[in-house]
Amino acid sequence: MAKRDYYEVLGVSKGASAEEIKKAYRAKAKELHPDRNADKPDAEAKFKEVNEAYDVLKDADKKAAYDRFGHAAFDGGMAGGARAGGFGGAPGQGDFASAFSDVFEDLFGDFMGGQRGGARRGRATRGSDLRYNLSIGLEDAYSGLQKQITVPTAVACGACSGTGSEGGSEPVTCPTCSGMGKVRAQQGFFTVERTCPTCSGVGQIVKNPCKTCAGAGRVQKDRALSVNIPAGVETGTRIRLSGEGEAGLRGGPAGDLYIFIEVADHPLFQRDGMDLYCRVPVPMTRAALGGEVEVPTIDGGRSRVKVPEGSQSGRQMRLRGKGMPALRGSGIGDMYIELAVETPVKLNAEQKELLRRFEESCAKSNNPDASGFFDKVRKFWDDLAK
Ligand SMILES: [Zn+2]
Ligand SMILES: [Zn+2]
């Protein structure tokens with residue numbers, strides 16, 4: 001099959017500027033990157049085609065040669081799959097990706113997750129940060145707590161003190177790459193760099209790898225930690241434990257451990273920042289006559305709240321200082337009580353008779369407030385009829 005025109009591959013015109021070419025390449029490479037197209041078998045071939053086109057068009061000299069001679073300018077290079085030196089036949093995806101890693105680091109940075117960045121070079125590598133999701137109750141968020149957790153993580157290998165070498169001997173510079181972590185390969189008239197196959201990019205090798213950790217300098221282990229959860233945390237609060245993440249590679253510094261807090265829903269209290277809301281049932285008679293209700297509080301105690309005479313369902317009352325504490329600084333929120341007036345059910349004959357007499361009394365009353373109980377109902381139907 002004939003090779004496609006490089007300008008056509010990138011979707012730009014012959015007169016496109018270097019900036020336009022770069023932009024077109026970025027968009028295409030992102031779209032076709034094999035990491036994102038594992039399910040599309042032809043994506044890798046298209047991705048290669050795009051990279052090949054960009055490799056030529058981004059370079060003023062190569063672009064000029066291509067503009068004059070077309071693909072013939074590079075015969076014996078990448079064309080036709082006849083690969084010279086370095087690759088040793090068709091590369092697997094890993095080799096392939098690293099061959100273009102320079103371009104990618106240059107253009108994308110975080111898109112590649114930084115995995116192919118310079119961090120692997122040199123002997124010591126910082127350990128990964130770890131995330132631990134911790135769900136706690138609202139009472140615990142109110143009081144704060146000391147929590148024992150178990151974190152499966154990589155810790156420094158005890159047998160080799162984290163060096164990765166049997167008997168603790170120092171690693172030596174990799175002979176293949178002279179410690180660079182990368183090797184260069186000539187391919188047509190391109191030079192490509194790829195990760196050193198001997199040391200996997202670390203730059204050093206361990207002559208006698210530790211038998212316990214196979215030379216990594218760290219082993220997997222469950223680690224018990226005691227974490228101090230301060231009062232006032234809420235869902236989404238992050239607690240960073242410096243140096244409690246994964247151990248570094250070959251004696252590198254450890255990563256951090258992040259505790260992500262989730263505060264579970266509470267059956268009684270709803271939280272809004274530092275304030276709490278609680279719906280409290282109150283008997284119809286007490287709401288009418290006035291009195292007190294007892295309410296639970298988040299500290300495990302009880303408070304008595306005055307119910308004013310003639311309270312309607314939904315009436316809110318504030319209990320100062322019975323909310324949640326501030327996570328940083330001082331202060332405490334309030335608790336809001338919402339009355340839910342309960343209608344009596346399953347009345348006996350006497351109770352029904354009393355309520356009937358009560359109803360008659362209200363209807364006959366000249367006091368508009370007392371009869372308002374029925375007036376409101378009447379007004380509802382009157383308004384509807386208008
Ligand atoms: Zn090497
Ligand atoms: Zn070891």
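# Close-up views of a predicted model

**Figure 1. The site of the zinc ion (ligand 1) is tetrahedral, with angles of 103 to 113° among its 4 donor atoms.** The structure shown here and in the other views is a predicted model. The protein donors are the SG atoms of C174, C177, C196 and C199, which lie 2.2 to 2.3 Å from the zinc ion (ligand 1). Along the sequence these donor residues follow the spacing C-x2-C-x18-C-x2-C. C174 sits in the loop between β3 (172-173) and β4 (182-187), and C196 in the loop between β5 (190-195) and β6 (204-205), so this pair ties together parts that are 22 residues apart in sequence. C174 counts as buried, at 1% relative accessibility. C196 counts as buried at 2%.

**Figure 2. The zinc ion (ligand 2) is coordinated by C157, C160, C210 and C213.** Each of these residues contributes its SG atom, at 2.3 Å from the metal. The angles among the 4 donor atoms run from 104 to 115°, and the site of the zinc ion (ligand 2) is tetrahedral. The spacing of the donor residues in sequence is C-x2-C-x49-C-x2-C. Of these residues, C160 belongs to the loop between β2 (145-156) and β3, while C210 belongs to the loop between β6 and β7 (218-229); the pair therefore ties together parts that are 50 residues apart in sequence. Both C160 and C210 are buried, and the relative accessibility of C210 is 2%. A search for disulfides across the whole structure finds 0.

**Figure 3. I261 is among the residues with the most contacts inside the largest nonpolar core.** This core has 33 residues, and I136, I229 and I337 are listed with I261 as those with the most contacts inside it. Leaving aside residues up to four places away in sequence, I261 touches L134, I136, I229, V233, E234, T235, G236, T237 and I239. Two of these partners, I136 and I229, are thus also named among the residues with the most contacts inside the core. A second core, separate from this one, has 20 residues, including A16, A29, L32 and Y54.

**Figure 4. R126 and D129 form a salt bridge that belongs to a network.** The side chains of R126 and D129 meet with an N to O distance of 3.2 Å. R126 is partly exposed, its relative accessible area being 43%. D129 is also partly exposed, with a relative accessible area of 37%. The network of salt bridges links R126 and D129 with R240 and D256. In total, the structure holds 21 salt bridges.

**Figure 5. E193 and R184 are joined by a salt bridge.** The closest N and O atoms of the two residues are 3.3 Å apart. E193 is buried, with a relative accessible area of 17%. R184, in contrast, is exposed, with a relative accessible area of 62%. R184 falls within β4 (182-187) and E193 within β5 (190-195), the strands named with the loops that hold C174 and C196.

**Figure 6. A salt bridge connects the side chains of E294 and R302.** The N to O distance is 3.3 Å. E294 counts as partly exposed, at 41% relative accessibility. R302 counts as exposed, at 60% relative accessibility.

**Figure 7. F47 lies in helix α3.** This helix comprises residues 43-57. F47 counts as buried, at 2% relative accessibility. K30 is 17 residues from F47 along the chain, and the C-alpha atoms of F47 and K30 are separated by 9.0 Å.

**Figure 8. The protein chain as context for the close-up views has 10 helices and 15 strands.** The chain contains 386 residues, of which 36% count as buried. Among contacts in the protein chain with a separation of 6 or more, 64% are made by residues 24 or more positions apart.

How values were computed. Residues are numbered from 1 along each chain as its sequence is written. Chains are lettered from A and ligands numbered from 1 in the order in which they are written. This is a predicted model: local features need pLDDT of at least 70, side-chain atom pairs count only at pLDDT 80 or more; totals for chains, interfaces and linings use all residues. Side-chain values use heavy atoms; hydrogens and water are left out. A nonpolar core is a set of buried Ala, Val, Leu, Ile, Met, Phe, Trp, Tyr and Cys residues joined through side-chain atoms within 4.5 Å. Buried means under 20% relative accessible area, exposed over 50%, partly exposed in between (1.4 Å probe, protein chains only). Contact means heavy atoms within 4.5 Å. A salt bridge is a side-chain nitrogen of Lys or Arg within 4 Å of a carboxyl oxygen of Asp or Glu. Donors are N, O and S atoms within 2.8 Å of the metal (3.2 Å for Na, K and Ca); water is not among the atoms, so sites may look incomplete. Four donors count as tetrahedral if all angles lie between 85 and 135 degrees; four count as square planar and six as octahedral if opposite donors are over 155 degrees apart and all others between 65 and 115; anything else is irregular. Helices (H or I, at least four residues) and strands (E, at least two) are DSSP runs, numbered from the N terminus. A disulfide is a pair of cysteine sulfur atoms within 2.5 Å.
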